[in-house]
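Thank you all for making the time this morning. I would like to walk through one model with you, and I will put it on the screen before I say anything about it.

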Amino acid sequence: MPEFRTSAPLLTRRPPAKPTEARATPKPRADLVDVFARLLPGVVVTPATFRSETALAGQLRVDARRIRELRAAGLATPKRLGRGWVYGPSDIRTLSVMLALSRLGATTRELERFFDENGREESVSAAAACRAFCENLAERMEEEIARLRALDALVADAALENDLQR
């Protein structure tokens, strides 16, 4: 068997981690988060602790992938610590609000547009903006329910035709 020799050492040291730059996406508007945090049931109130993404997912009873999705959308702004992300009390509260709105039917894209710090008029109060968001969400849900009822009627008709043909 041939012998292999290298001049490089077998174990090499990794270069130190580069400090992460500030994100290009702004934080979600805190006034909107405050309005929803006071109104929505199940919003987590945390002590002044920091949590890893996995620990936070366990606390909020969601999959860690859902938290990563919200972070990637710019809806959470955790700090980078080593290889992982660390969430402070305000981040936990914000994520809790985002998850509660998601459970009510809001999509990530809708949340991105609504909480965008640059996309809101300053003349509209936070409460009025939140009310408009909920009204739009309710209208979309009513349309989805109507479509589901129409689909249910089609399935019932098809089932009835199949029973008659037997």
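When I speak of a contact in what follows, I mean heavy atoms within 4.5 Å. Please also keep in mind throughout that this is a predicted model.

Let me begin with leucine 56, which lies in helix 2. Is this residue buried or exposed? Its relative accessibility is 0%, and since buried means under 20%, leucine 56 counts as buried. If we set aside the neighbours within four places in sequence, leucine 56 is in contact with Arg51, Ile67, Tyr87, Ile92 and Leu95. Although leucine 56 and valine 86 are 30 residues apart along the chain, their C-alpha atoms are separated by 9.1 Å.

One of those contacts, Ile67, takes us to the packing of two helices. The axes of helix 2, residues 53-60, and helix 3, residues 64-72, come within 8 Å and cross at roughly 110 degrees, which means that helix 2 is roughly perpendicular to helix 3. The crossing of this pair is right-handed. On the helix 2 side the residues that meet the partner are Glu53, Leu56, Ala57 and Leu60, and on the helix 3 side they are Ala64, Ile67, Arg68 and Arg71.

Two other contacts of leucine 56, Arg51 and Tyr87, bring us to the sheet, where tyrosine 87 in strand 3 is the bridge partner of arginine 51. Strand 1 and strand 3, the latter covering residues 84-87, run antiparallel and are joined by two bridges. How are the strands ordered overall? There are three of them, forming an open sheet in the order 1-3-2 with antiparallel pairing. Strand 1 (51-52) and strand 2 (79-81) each have a single partner strand and stand at the edges, so one side of each is left without a neighbour in the sheet. Lying across strand 1 and strand 3 is helix 4, residues 89-103, which runs at about 90 degrees to strand 3.

I will finish with helix 5, residues 108-115, in which Thr108, Glu110, Leu111, Phe114 and Phe115 are buried. Why do we say that these residues line one face of the helix? Seen down the axis of helix 5, the buried residues fall within an arc of 160 degrees, and therefore they line one face. On the other side of helix 5, by contrast, Arg109 and Arg113 are exposed.

Technical notes. Residues numbered from 1 in each chain as written. Predicted model: local features only at pLDDT ≥ 70, side-chain atom pairs only at ≥ 80, totals over all residues. Heavy atoms only, no water. Pairing = 2+ DSSP bridges. Helix = DSSP H or I, 4+ residues; strand = E, 2+ residues; numbered from the N terminus. Axes fitted to C-alpha atoms, helices over the stretch in contact; angles between N-to-C directions. Buried < 20%, exposed > 50% of the residue type's maximum accessible area, 1.4 Å probe, protein only. Arc of directions from axis to C-beta. Parallel < 35°, antiparallel > 145°, perpendicular 65-115°, else oblique. Left-handed = near helix turned anticlockwise from the far one by under 90°.
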